[in-house]
Amino acid sequence: MAASSRSQVLSLYKLLMKESSKFPSYNYRTYALRRVRDAFKENKHVEDSKTVEVLLNKARDNLAVLQRQVSIGQMYATQKIVVEEHRGKKTI
């Protein structure tokens with residue numbers, strides 16, 4: 001993979017991870033983060049430039065979908081689940 005393609009892939013990965021972490025719902029957030037990680041791991045060894053370009057376009061489309069879904073999710077309040085309520089708090 002060319003250096004410019006590598007930087008594009010890493011940049012897109014970071015954007016997808018950042019956007020996925022904005023989901024207000026714990027379940028959607030963890031699912032989105034896992035799917036992004038898995039998709040990039042699955043295609044880690046792709047070398048063909050045309051295939052890389054197709055995958056980059058697909059990832060850009062998915063980023064747009066994530067951005068819309070995060071915006072919609074932030075319009076509606078959700079209750080925090082037990083996992084989120086106790087996160088970061090020390091128990092005695």
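Here are a few notes on the surface patches, salt bridges and confidence of this predicted model.

1. Confidence first. The protein chain averages a pLDDT of 88, and 89% of its residues get to 70 or more. Helix α2 comes out highest, with a mean of 95. The low end is helix α4, residues 82-85, where the mean is 78.

2. The positive patch. Six names to click on here: Arg34, Arg35, Arg37, Lys41, Lys44 and Lys58 together make a positive patch on the surface. Which helix gives the most to it? That's α2, spanning residues 26-42, with 4 residues in the patch. Helix α2 is also where the chain's confidence is highest, which is handy to know when you look at this patch.

3. Lys41 as an example. This lysine belongs to the positive patch and sits in helix α2. Is Lys41 buried or exposed? Its relative accessibility is 58%, so Lys41 counts as exposed, the cut-off being over 50%.

4. The nonpolar patch. Ile72, Met75 and Tyr76 make up a nonpolar surface patch, and together they have about 360 Å² of accessible area. Ile72 is part of helix α3, which covers residues 49-75. With a relative accessible area of 40%, Ile72 is classed as partly exposed. That value also clears the patch cut-off, because patch residues need over 30%.

5. Salt bridges, the count. How many does the structure hold? There are 2. As background, side chains with opposite charges can pair when their charged atoms come close. The two pairs are taken in turn below.

6. Glu19 with Lys22. These side chains meet in a salt bridge with an N to O distance of 3.5 Å. The partners fall into separate burial classes: Glu19 is buried, at a relative accessible area of 10%, whereas Lys22 is partly exposed, at 38%. Glu19 counts as buried because its value is under the 20% cut-off.

7. Arg60 with Glu53. Here the N to O distance is 3.8 Å, and the cut-off for a salt bridge is 4 Å, so the pair qualifies. Arg60 is partly exposed, with 36% relative accessible area. Glu53 is partly exposed too, with 38%.

8. Why is Arg60 not in a patch? Its relative accessible area is 36%, over the 30% that patches ask for, but patch residues must have no salt bridge, so Arg60 is left out. Its bridge is the one to Glu53.

Technical notes. Residues are numbered from 1 along each chain as its sequence is written. This is a predicted model: local features need pLDDT of at least 70, side-chain atom pairs count only at pLDDT 80 or more; totals for chains, interfaces and linings use all residues. Side-chain values use heavy atoms; hydrogens and water are left out. Patches are made of residues with over 30% relative accessible area and no salt bridge: like charges are joined within 9 Å, nonpolar side chains (Val, Leu, Ile, Met, Phe, Trp, Tyr) within 5 Å. Accessible areas come from the Shrake-Rupley method with a 1.4 Å probe; for residues, only the protein chains shown count as cover. Lys and Arg count as positive and Asp and Glu as negative; His and the chain ends are not counted. The place of a charge is taken as NZ of Lys, CZ of Arg, CG of Asp or CD of Glu. Helices (H or I, at least four residues) and strands (E, at least two) are DSSP runs, numbered from the N terminus. Buried means under 20% relative accessible area, exposed over 50%, partly exposed in between (1.4 Å probe, protein chains only). pLDDT is the predictor's confidence in each residue, from 0 to 100.
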